[in-house]
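Reader: I should like to go through the assignments made in this structure and hear the reasoning behind each. Please set each value against its criterion.

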Amino acid sequence: QVQLVESGGGLVQAGGSLRLSCAASGSILRINTMGWFRQAPGKQRELVASITSGGNTNYADAVKGRFTISRDNVKNTVSLQMNSLKPEDTAVYYCHCTKPTLMGQQREYWGQGTQVTVSS
């Protein structure tokens with residue numbers, strides 16, 4: 001089992017910045033991709049950004065150029081630096097990771113979520 005604990009959410013004005021952090025603990029060996037999803041009220045959960053163990057990154061079009069994901073494989077943490085925040089970035093942000101099972105499938109793990117609210 002992998003436990004993911006997020007921190008860093010909060011309330012910020014449009015144009016401001018926030019940094020989210022997520023620490024993984026438990027059975028952390030062989031964690032593959034780590035990343036962030038978000039879910040706004042009435043909307044589906046969507047990928048924000050992800051990063052592989054090798055450092056390859058992927059971003060949603062809506063956040064490209066504004067958000068930066070980073071990862072520390074020694075400390076088993078993943079962070080999301082969010083700049084130029086917009087009201088439409090308001091959502092609950094979830095830390096996410098995948099890890100292969102003994103059968104070779106990718107199992108997903110989720111954090112409890114942290115609220116990000118951007119006021120206009």
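Reader: What makes cysteine 22 and cysteine 95 a disulfide?

Author: In this predicted model, the sulfur atoms of cysteine 22 and cysteine 95 are 2.1 Å apart. The cut-off is 2.5 Å, so the pair qualifies as a disulfide. By this rule the count is 1 disulfide. The bond links distant parts of the chain, 73 residues apart: cysteine 22 belongs to strand β3 (residues 18-26) and cysteine 95 to strand β9 (residues 91-100). Both cysteine 22 and cysteine 95 are buried.

Reader: Why is the disulfide of cysteine 22 and cysteine 95 called left-handed?

Author: The torsion about its S-S bond is about -85 degrees, and the disulfide is therefore left-handed.

Reader: Why is cysteine 97 not counted as bonded to cysteine 95?

Author: The closest cysteine sulfur to that of cysteine 97 is in cysteine 95, at 6.7 Å, which is too far for a bond. Cysteine 97 is nevertheless buried, with 0% relative accessibility.

Reader: What makes phenylalanine 37 and tryptophan 110 an aromatic pair, and is the pair stacked or edge-to-face?

Author: Their ring centres are 5.0 Å apart, and the limit is 6.5 Å, so they form a pair. The planes stand at 70 degrees; an angle over 60 degrees counts as edge-to-face, and the pair is therefore edge-to-face. Phenylalanine 37 lies in strand β4 (residues 34-39) and tryptophan 110 in strand β10 (residues 106-110), so the pair ties together parts that are 73 residues apart in sequence.

Reader: Why is phenylalanine 37 called buried, and why is tryptophan 110 called partly exposed?

Author: Buried requires a relative accessible area under 20%. Phenylalanine 37, at 16%, therefore counts as buried. Tryptophan 110 has 33%, which falls between the limits of 20% and 50% and so makes this residue partly exposed.

Reader: What angle and distance describe the pair of tyrosine 94 and tryptophan 110?

Author: Tyrosine 94 and tryptophan 110 are edge-to-face, with 85 degrees between the planes and 6.5 Å from centre to centre. This pair links strand β9, which holds tyrosine 94, to strand β10, which holds tryptophan 110; the two residues are 16 apart. Tyrosine 94 is buried, its relative accessible area being 14%. Ring pairs thus link Phe37, Tyr94 and Trp110 into a cluster.

Reader: How do you know that arginine 45 sits over the ring of tyrosine 94?

Author: The charged end of arginine 45 is 3.7 Å from the centre of that ring and sits over it; the distance limit is 6 Å. Arginine 45 also lies over the face of tryptophan 110, at 4.6 Å from the ring centre.

Reader: What shows that the side chains of strand β11 alternate?

Author: In strand β11 (residues 114-119), Thr114, Val116 and Val118 are buried and point to one face, whereas Gln115, Thr117 and Ser119 point to the other and are not buried. Strand β2 (residues 10-13) pairs with β11 in the parallel sense, over 4 bridges, and leucine 11 stands opposite threonine 117. Strands β9 and β11 run antiparallel and are joined by 3 bridges, with valine 92 opposite glutamine 115.

Reader: What is noted about the phi of asparagine 76?

Author: Asparagine 76 is not a glycine, yet its phi is positive, about 60 degrees. Asparagine 76 lies in the loop between β7 (67-72) and β8 and, at 17% relative accessibility, counts as buried.

Terms used: Residues are numbered from 1 along each chain as its sequence is written. This is a predicted model: local features need pLDDT of at least 70, side-chain atom pairs count only at pLDDT 80 or more; totals for chains, interfaces and linings use all residues. Side-chain values use heavy atoms; hydrogens and water are left out. Buried means under 20% relative accessible area, exposed over 50%, partly exposed in between (1.4 Å probe, protein chains only). Two strands pair if DSSP finds at least two bridges between them. Rings of Phe, Tyr and Trp (its six-membered ring) pair if their centres lie within 6.5 Å; planes under 30 degrees apart count as stacked, over 60 as edge-to-face and the rest as tilted. A charge sits over a ring if NZ of Lys or CZ of Arg is within 6 Å of the ring centre and within 35 degrees of the ring normal.
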